[in-house]
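Q: I'd like to learn how to read a model like this one, feature by feature. Could you take me through it?

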Amino acid sequence: MPPQPSRTAAGPSAVLAAVAAFPDRLRRRAPLSRVCALAAAMLLAIPAVQAQTYTLRVRGGGSGFGGVTVPPTGGQAGMNCAIASGIAAGTCARTYARSTAVTLTATPLAGSVFAGWAGVCASAGSASRCTVSNLTGNVSAVATFEPDCTVTILAASGGSATFADGTPSGACGRSVTVVATPAAGYRFDRWSDGATAATYTFIVASRALVLTPAFVAQCSLTLGASPATGGTVALTSGTLGGDCGRSVSVQATPSPLYRFSAFTEGGGTASTVNPWSFTLATNRSVVATFAAVPQCALTLGTAPGGAATLVSGALTGDCGRAVSLQARPDSGFRFRSWSDGTTTTPYTLTLTAPTLTLTPEFTAQCTLVLAALPADGGTVTLSSGTLTGDCGRSVTAVATARSDFRFTGWSEASASATYTLTVTQSRQPLSAQFASLTSVRVVISGAQG
């Protein structure tokens, strides 16, 4: 039904105005009380057009709890409308004159949030207050309350987290974006619900969601070599940067003329094992140290009568290494000794001097060949010395004639049956000469006959 204008009884001022409008002749003939009564009756018979009035009604929406209040306005009592899961109860409607400005305030109960206005207050959005003015008809203001879905971010060591978009408290189903920021020396790992993106956008579906960012401490490894020319150090497993608690392995490689000494940290020895594996619990700086190795060189000298060869080891290299040498005499020679007096071959020694020259020494061999002329004239033996041996040795030969022979001399012009001589040739002959006593007697007898 369209709104109807209301009728109101005339007041004293209206009655006086009506009396004044009567003609003078009527006011003079009739008593004043009669005139006033007539005027009042006339006024009651004429509709009095006053300001139009309309009804403002509060309705509910959503599944939360709250209320809408309106203070006393325009001569009307206030409103106090309770809303539970979309159902409005209490004082939820009032009638107001067209020009009356009415302010409505939405207030959620604990566990709920005000989600916004609809109807005549739609332009107010999610603001808690809405002002309605210049009513043109009966209208409704719809206040929507939803359960409060809160998001709580708990603090965590190693970084921080904040809301980048959305609010900690609000209606379920809203979108929220949170951002985790690691502190220096940390990295973001994941959120407590398993999400791994540091900037995390999600729809809030839980009424009490608690998120905790997890950060992981980072430990770095720095490698160095001392001296820089002494060698290199490299990572053989693991990474230089990453999570604390990881295992790594490093290996030092010395340059030529250097040897690995130790891995050090802060100037102190950390390990002498190479390669070295360890766990990074903090930032660490590891230096591989190297020491120059003294060099020892061996030279093999040459000598007549043979040569020397290297059996094992090297002629040049680190001091302290072992080498083996072999002396090889030529035919007709024998190995005598090394230049350092050693008489063994092969010869194994440890090199400790920066330079060393070793020369093999050989001695020529001379053989004495004994003979008896004639062969059946007697025997030739040595009373001292040897038939074979070093050239320059002294030997004594003894010639012994048979009973029917006599010794006549040596091939080297010695007449003594015992002959001492020096052997100087590789095959030196020495003959003892004998003469037959029988042959001599025959010749004499022939001469006499």
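A: Sure, we'll go from the overall make-up to disulfides, then to aromatic pairs and two single residues. Keep in mind that this is a predicted model.

Q: Let's start broad. How many helices and strands does the protein have?
A: Counting secondary structure elements is a good way in. Here you get four helices and 37 strands.

Q: And what share of the residues is buried?
A: The protein has 449 residues, and 31% of them count as buried. On the outside, about 24100 Å² is exposed, with carbon and sulfur atoms supplying 56% of that area.

Q: How do I read the contacts in terms of sequence separation?
A: Take the contacts with a separation of 6 or more, then ask what part comes from residues 24 or more positions apart. In this protein that part is 57%.

Q: On to the cysteines. What is a disulfide, in general?
A: It's a covalent bond that joins two cysteines through their sulfur atoms. Searching the whole structure turns up six disulfides.

Q: In what order do the bonded cysteines pair up?
A: Number them along the sequence and the pattern reads 1-2, 3-4, 5-6, 7-8, 9-10, 11-12.

Q: Can we look at one? How far apart are the sulfur atoms of cysteine 81 and cysteine 92?
A: Those two sulfur atoms are 2.1 Å apart. Cysteine 81 sits in strand β3 (residues 79-84) and cysteine 92 in the loop between β4 (87-91) and β5 (93-97), so the disulfide ties together parts 11 residues apart in sequence. The angle about the S-S bond is 85°, and the link is right-handed. Both cysteine 81 and cysteine 92 are buried.

Q: What about the handedness of the link between cysteine 121 and cysteine 130?
A: Look at the sign of the torsion about the S-S bond. For cysteine 121 and cysteine 130 the torsion is about -90°, so this disulfide is left-handed. The S to S distance is 1.9 Å, and cysteine 121 and cysteine 130 are both buried.

Q: Which parts of the chain does the disulfide of cysteine 149 and cysteine 172 link?
A: First the bond itself: the sulfur atoms of cysteine 149 and cysteine 172 are 1.5 Å apart in this model. The pair links distant parts of the chain, with cysteine 149 in the loop between β9 (139-147) and β10 (150-153) and cysteine 172 in the loop between β11 (159-165) and β12 (175-182), 23 residues apart. The torsion about the S-S bond is about 70°, so this one is right-handed.

Q: Are cysteine 149 and cysteine 172 buried or partly exposed?
A: Read each partner on its own. Cysteine 149 has a relative accessible area of 0%, so it's buried. Cysteine 172 comes out at 34%, so it's partly exposed.

Q: Now the aromatics. How many aromatic pairs are there in the whole structure?
A: For a ring pair, you look at the distance between centres and the angle between planes. The search finds 16 aromatic pairs. In one of them, phenylalanine 335 and tryptophan 338 are 5.5 Å apart centre to centre with 55° between the planes, a tilted arrangement. Tryptophan 338 also pairs with tyrosine 347: the centres are 6.0 Å apart and the planes at 40°, so that pair is tilted as well.

Q: How accessible are phenylalanine 335, tryptophan 338 and tyrosine 347?
A: Phenylalanine 335 has a relative accessible area of 13%, so it's buried. Tryptophan 338 is buried at 1%, and tyrosine 347 counts as buried at 12%.

Q: Which residues do ring pairs link into a cluster?
A: Follow the pairs from ring to ring. You'll arrive at a cluster of Phe188, Trp191, Tyr200, Phe202 and Phe215.

Q: How would I read the surroundings of a single residue, say arginine 284?
A: Place the residue, check its burial, then list its contacts. Arginine 284 is in strand β23 (residues 284-292). Its relative accessible area is 19%, and the cut-off for buried is under 20%, so arginine 284 counts as buried. A polar atom of its side chain lies 3.3 Å from the backbone oxygen of threonine 279. Beyond its neighbours within four places in sequence, arginine 284 contacts Ser220, Leu221, Thr222, Glu265, Trp276, Phe278 and Thr279.

Q: Let me try that recipe on serine 431. Where is it?
A: Serine 431 belongs to strand β37 (residues 427-436). With 12% relative accessibility, serine 431 counts as buried. Setting aside neighbours within four places, its contacts are Ala371, Leu373, Gly409, Trp410 and Ser411.

How values were computed
Residues numbered from 1 in each chain as written. Predicted model: local features only at pLDDT ≥ 70, side-chain atom pairs only at ≥ 80, totals over all residues. Heavy atoms only, no water. Helix = DSSP H or I, 4+ residues; strand = E, 2+ residues; numbered from the N terminus. Buried < 20%, exposed > 50% of the residue type's maximum accessible area, 1.4 Å probe, protein only. Contact = heavy atoms within 4.5 Å. Areas by Shrake-Rupley, 256 points an atom, 1.4 Å probe, with all protein chains shown as cover. Disulfide = S-S within 2.5 Å. Polar contact = N/O pair within 3.5 Å; in protein donor to acceptor, adjacent residues only side chain to side chain. Phe/Tyr/Trp six-rings, centres within 6.5 Å; stacked < 30°, edge-to-face > 60°.
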